[in-house]
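User: I am a first-year student and I would like a close look at a single part of this protein. Could you take one residue, describe its surroundings with care, and then connect it to the wider picture?

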Amino acid sequence: MNKKLYTIDLINNPITINDATKGIVEYFYDELICKFVQYRNETIHFVLGGDGTLLEILKKYDFTGLYIIIKENGTVGFYSEFITLNDLKNISFNDVIEEEFYPLLVEVDKKLLAANEILLVNNAKIVDFSLMINDGLNQEYRSSGLIYSSALGSTGLSLSMGGPIVLNNKSSLLKIIAPTRYDKEINKACSFVLGLEDEISIKIKSGQLSLVIDGVVIEDIDKGVIKLKSLKTSYKLLHFNAKYLNNRINRL
């Protein structure tokens, strides 16, 4: 008999992992691997909660693996195809769609990962810094900082800052925040669409930037080189309804 390879994960969710919850998830898992044998040797993480819970669980498993999200009592569920656990009982396993995402990496004195975005920002003062991409493009800016967003994060904070939605999941977006009028007048590029091969280096000339990863303030930085890039390893969200994916973009 094949070993069952799945986890049930939640954080600060009023629902408990009781026998009923385990029974629903196990039934769904058994039906899934019966129909799609390619998942029999893969661990599938069932996440009970909204998008914030997903971020915490991704950290737990080092931003790798397969995930099915059930919003169940979560607040925001943009990436949740299932609203309640009972929705798992009503799925016709006609197809499975893998939505692949690539986390972001920031390196200062240590390496940290982000699912949505890496924010380097000063809300009070203008900061002078240089920006280099791939040892080629080299520009200097006076601004409030920058936001580096993954495709997953392009529908969140980046979008609220006027950024575009990134539909190619292998792409990321770098945007300078509130550049000074001088930077705008000389037509200096302030937004960049980047790929998995691209690497970014930032050096602060004067001032201080706060490093914020997926909404969590990490530290203040006033010197040294900050390096950013996308990882080439990915994690996947599993979906079972193409109509859900097609309609999701209209919910923004």
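Analyst: What follows begins with one tyrosine, Tyr79, and then moves outward to other parts of the chain. Please keep in mind throughout that this is a predicted model, and that the values below are computed from it.

Tyr79 lies in the loop that links strand E3, residues 65-70, to strand E4, residues 97-101. Is Tyr79 buried or exposed? Its relative accessibility is 5%, and because the limit for calling a residue buried is under 20%, Tyr79 counts as buried.

The next step is to ask which residues Tyr79 touches once its neighbours within four places in sequence are set aside. The contacts are with Asp51, Ile69, Glu99, Phe101, Ala151, Leu152, Thr155, Leu237, His239, Tyr244 and Arg248. Two of these names return when we turn to the polar groups around the tyrosine. The side chain of Tyr79 reaches the backbone oxygen of Leu152 at 3.0 Å, and a polar contact of 3.4 Å joins the side chain of Tyr79 to that of Thr155. A distance between backbone positions adds to this picture, since the C-alpha atoms of Tyr79 and Leu245 are 9.0 Å from each other although 166 residues separate them along the chain. For contrast, you can look at Glu31 in helix H1, residues 19-35, whose C-alpha atom is 31 Å from that of Leu167, with these positions 136 residues apart along the chain. Glu31 is partly exposed, with a relative accessible area of 33%.

Ser80 is also placed in the loop between E3 and E4, and at 2% relative accessibility Ser80 counts as buried. Leaving out residues up to four places away in sequence, Ser80 touches Gly49, Asp51, Ile69, Lys71 and Tyr244. Asp51, Ile69 and Tyr244 are also among the contacts of Tyr79, so it is worth displaying the two lists together on the structure.

A strand elsewhere in the chain gives a second example of covered residues. In strand E8, residues 127-133, 5 of the 7 residues are buried, and the strand is mostly covered. E8 runs antiparallel to strand E9, residues 137-143, and 7 bridges join them; within this pairing, Leu131 stands opposite Gln139 of E9. The two strands form a hairpin with 3 residues between them, and in its turn Asn134 has a positive phi of about 55°. E8 is also joined by 6 bridges to strand E13, residues 199-206, again in an antiparallel arrangement, where Asp128 has Ser206 as its bridge partner.

Finally, we can step back to the protein as a whole, which has 5 helices and 17 strands. Its C-alpha trace spans about 65 × 30 × 30 Å along the principal axes, and 48% of its 252 residues count as buried. Among contacts with a separation of 6 or more, 69% are between residues 24 or more positions apart. The accessible surface comes to about 12,600 Å², and carbon and sulfur atoms account for 47% of that surface. The structure holds 0 disulfides; as for its cysteines, Cys34 counts as exposed at 56% relative accessibility, whereas Cys190 counts as buried at 16%.

How values were computed. Residues are numbered from 1 along each chain as its sequence is written. This is a predicted model: local features need pLDDT of at least 70, side-chain atom pairs count only at pLDDT 80 or more; totals for chains, interfaces and linings use all residues. Side-chain values use heavy atoms; hydrogens and water are left out. Helices (H or I, at least four residues) and strands (E, at least two) are DSSP runs, numbered from the N terminus. Buried means under 20% relative accessible area, exposed over 50%, partly exposed in between (1.4 Å probe, protein chains only). Contact means heavy atoms within 4.5 Å. A polar contact is a pair of N or O atoms within 3.5 Å; within protein, one must be able to donate a hydrogen and the other to accept it, and residues adjacent in sequence count only if both atoms are side-chain atoms. Two strands pair if DSSP finds at least two bridges between them. A disulfide is a pair of cysteine sulfur atoms within 2.5 Å. Accessible areas come from the Shrake-Rupley method with a 1.4 Å probe; for residues, only the protein chains shown count as cover.
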